[in-house]
Each structure stands twice: as C-alpha cells, then as structure tokens.
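Me: I'd like to walk through this model with you, one question at a time. Could you start with any term I'll need?

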Amino acid sequence: MSGSGAPEGDDYSATVLGSHWFSGPPDTTKRMAPEEVAPDRVEGSVLRFGPGVTAAMPAPFPVDVSTAVVPPPRRRRLAGLRRYALAALVLAAVLAYLGWQRLGPGIEVRDVAVSTDPKGPACDAAADVVAVVATNGRPGILTYRWVRSDGTRSEQLTERVPRGQREARLHLLWTFQGKGSYPAKAELQLVSPGQRTAAVDFTYRCSP
C-alpha cells in the first residue's frame, strides 16, 4: 500500500460525485412555492388546466339544458311563406281581374233612343236620323237594321263597340226630293245583343 491510502491495482477507478451527494439531508424548513400553471384554453365558464380539470364556475344565470327553449327556425320560414302567399294572392287577383276584363260578360244594351231634327229636312235634302245605343261599356258588336215608313229597309248592319265606350251612335241619312209634304217614320231594329226597337216621326215639307 502507498502512503496515500488508495488501493493500487489495474481495477482501480476513482469516481467523482456531484456536490449534491454531499449536501446532506434536505432542509424541510424551506418550502418551494407552487408554480403557476396557465390555462391552456377557456370554454365558457369552465377553466381547464393542464393535467387536471377544475370545477365548473357557476353560470351567471342557471340554465337547465333539458328544459331550455330554443326558438325554432321554422318561424322565419313561416313568415317567408306568408309573404310569398300574400304576393301570390295579389297576383292571382290581378290575373283574375284581367281575365274577367278580357273574357268576362260581353256587351249589353241598356237603352236605345232615336231622334232627328223636329223641323224635318229642307227641300231636296236629307234627314239625319240618329240612334243612340247605351251599353255596359264592354266590347262587342251591335247588329241592327233600319226600317223606313216608305216600305224600304236596309240589310243587317254591324257596329263594333270598343272596350270602355258606353254609347254608340248609328246614323241613317234619308234623302227627300220634290215639292209638298210627307210624314215619315224611321225605326231602328236592334238584332243583337238582345232585340230592341226605337223610332222617330218627322215631316218633310217643301212649299211650291
């Protein structure tokens, strides 16, 4: 053995220990403060921390999930459907009115009156006999003829009445010639729509 007191030999090795092996027993009088752990996420009123989960914080208002009422989204759909239904109803009414205007009841005759100058025509002149036919303002065709007191009559004539016109005027020009006087009568015979007649009497006078 050498004077240093260390064993000699090939299998000898020296081990250097760290200082903490010689620090002695731990000092229990010193307590280390716990490290603060920052929350990794926040979900509503519940804070979740790293390895553990904290208790849920009370909500500002108690909520019972089983009885919570959520407004159904159908209300908006129903409101939209009501608006579409109203627009469709207005459109249908407009189309019905236009259809009635075009395809509704036809022309109707309310009254017929015939007149001329009560003084009669001048010598060798024509009397202007006018028939006024009052209608309901619907479009249509009037069919009629004139009958004169001298035994003559016209063929069937037609008059087209446009929409909105509530009166039609039909003219007969009856020409007279010669001297003397002649009592005359002009009659309108309405054939359609409906059958009506109206007449006027007048006198042709021409002094010699």
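Reply: Happy to! Strands here are DSSP runs of at least two residues, numbered from the N terminus. Keep in mind that this is a predicted model.

Me: Thanks! Which strand does Leu 188 lie in?
Reply: Strand 8 covers residues 180-192. Leu 188 falls within that run, so its element is strand 8.

Me: Is Leu 188 buried or exposed?
Reply: The relative accessible area of Leu 188 is 1%. Buried means under 20%. Leu 188 therefore counts as buried.

Me: What separates the C-alpha atoms of Leu 188 and Val 114?
Reply: Along the chain, Leu 188 and Val 114 are 74 residues apart. They are also in contact, and Leu 188 touches Val 112, Val 133 and Trp 146 too, among others. The C-alpha separation of Leu 188 and Val 114 is 7.4 Å.

Me: Which strand gives the largest share of the largest nonpolar core?
Reply: This core has 26 residues, and those touching the most other members are Val 114, Val 129, Val 133, Leu 142, Trp 146 and Leu 188. At least two residues each come from strand 3, strand 4, strand 5, strand 7, strand 8 and strand 9. The largest share is five residues, and its source is strand 9.

Me: Now the cysteines. Which residue forms a disulfide with Cys 123?
Reply: A disulfide needs sulfur atoms within 2.5 Å. The sulfur of Cys 123 has a partner sulfur 2.0 Å away, and that partner belongs to Cys 206.

Me: How many residues apart in sequence are the parts that this pair ties together?
Reply: Cys 123 sits in the loop between strand 3 and strand 4, while Cys 206 is in strand 9. The link therefore ties together parts whose separation in sequence is 83 residues.

Me: Which of the two, Cys 123 or Cys 206, is buried?
Reply: Cys 123 has a relative accessible area of 37%, so it is partly exposed. For Cys 206 the value is 2%, under the 20% limit. The buried one is therefore Cys 206.

Me: Last topic: the open sheet of three strands. Which strands stand at its edges?
Reply: The order is 3-4-7, with antiparallel pairing. An edge strand has a single partner, so one of its sides is left without a neighbour in the sheet. The edges are strand 3 and strand 7.

Me: And how many bridges pair strand 3 with strand 4?
Reply: These two strands pair in the antiparallel sense. Asp 111 stands opposite Ala 134 in strand 4. The number of bridges between strand 3 and strand 4 is six.

Notes. Residues numbered from 1 in each chain as written. Predicted model: local features only at pLDDT ≥ 70, side-chain atom pairs only at ≥ 80, totals over all residues. Heavy atoms only, no water. Helix = DSSP H or I, 4+ residues; strand = E, 2+ residues; numbered from the N terminus. Buried < 20%, exposed > 50% of the residue type's maximum accessible area, 1.4 Å probe, protein only. Contact = heavy atoms within 4.5 Å. Core = buried A, V, L, I, M, F, W, Y, C linked by side-chain atoms within 4.5 Å. Pairing = 2+ DSSP bridges. Lists of a residue's contacts leave out its neighbours within four places in sequence.
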